[in-house]
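Colleague: I would like a close look at one part of this model, the pocket and the strands beside it. Please keep to what can be read from the coordinates.

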Amino acid sequence: MQEKIKIRCITNRHLAVQDYFEQIRQIALTGPEAVIIREKDLPQPEYEQLAARVMKICADYGVPCIVHGYPQAAVHLKAAAVHLPLQQLLALADEQKRFFSVIGASVHSKEEARQAQAAGASYLTAGHVFATDCKRGLPPRGLSFLNEVCRSVQIPVYALGGIHAGNAEECIQAGAEGVCVMSECMKHTDLRGVLSF
């Protein structure tokens, strides 16, 4: 039997097709490996309030949450995991890193991947692999890029960008530990079929 692909769902309240917190509940019901709370247009206090609610919903279903882009909010929320753009990770002081058992970083090249690993990242997201509306007009980097990133580091790499049930397995074959999805988890009300890769 084929092993289930590890899926990390990335939030975007602007894409939600129903009440945002109900969408989070529907995501949690599918049992993803983690939910990355990426609402980067919010000021930190508002982000913190929203993230607290998302973390509570996910905790009810036993789904880990990763705070995205706001390390101070993550500390306030006592989050075990934080995900940061590479430059933010590089600027993070060692004493701040100690608050987290998991630190993720977004990378777009094998050089960035190596930098992130050296800076203490536990895992990486690499993208965008396929064409996606989130990066409209920007050509995708493709599976060879993903394979190059995966081979350049010793930490897990999650593929990102334009991923769905039809191409997720290709990402695993290219060396990814798992995949990240945003549109697929925010634009559907019944997620059981959509996220059953």
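Modeller: What follows goes through the pocket, then the strands, then a few single residues. This is a predicted model, in which local features need pLDDT of at least 70, side-chain atom pairs count only at pLDDT 80 or more, and totals for chains, interfaces and linings use all residues. Residues are numbered from 1 along each chain as its sequence is written, and side-chain values use heavy atoms, with hydrogens and water left out.

The largest pocket holds about 720 Å³ of space. A pocket here is an open set of points on a 1 Å grid over the protein atoms alone, where a 1.4 Å probe fits, with protein on both sides within 12 Å along at least five of seven lines; lining residues have an atom within 4 Å of a point. The volume is the space filled by probe spheres set on the points, which are joined across faces, edges and corners. The lining of the largest pocket has 35 residues, and Arg38, Cys134, Lys135, Leu160 and Met182 are the closest to its centre. By type, the lining divides into 13 nonpolar (Ala, Val, Leu, Ile, Met, Phe, Trp, Tyr, Cys and Pro), 14 polar (the others, Gly among them) and eight charged (Asp, Glu, Lys and Arg) residues.

Helices (H or I, at least four residues) and strands (E, at least two) are DSSP runs, numbered from the N terminus. Elements that each supply at least two lining residues include β4 (81-85), β5 (102-107) and β6 (123-127). The largest share, three residues, comes from β6.

Strands pair if DSSP finds at least two bridges between them. β4 and β5 pair in the parallel sense over five bridges, with His83 opposite Gly104 in β5. β5 and β6 also pair in the parallel sense, over four bridges, and Ala105 stands opposite Leu124 in β6. From β5 the chain crosses through helix α6 (residues 110-118) to β6, a right-handed β-α-β crossover: with the strands pointing away from the viewer, the path from the first strand over the helix to the second runs clockwise. Five of the six residues of β5 are buried (under 20% relative accessible area, 1.4 Å probe, protein chains only).

Leu124 is also touched by Ile155, which lies in the loop between α7 (142-152) and β7 (157-160). Leaving aside neighbours within four places in sequence, Ile155 is in contact (heavy atoms within 4.5 Å) with Gln117, Ala121, Ser122 and Tyr123 among others. Ile155 is buried at 17% relative accessible area.

Beyond β6, His128 sits in the loop before α7, and the peptide bond from Gly127 to His128 is cis.

How values were computed:
Buried < 20%, exposed > 50% of the residue type's maximum accessible area, 1.4 Å probe, protein only.
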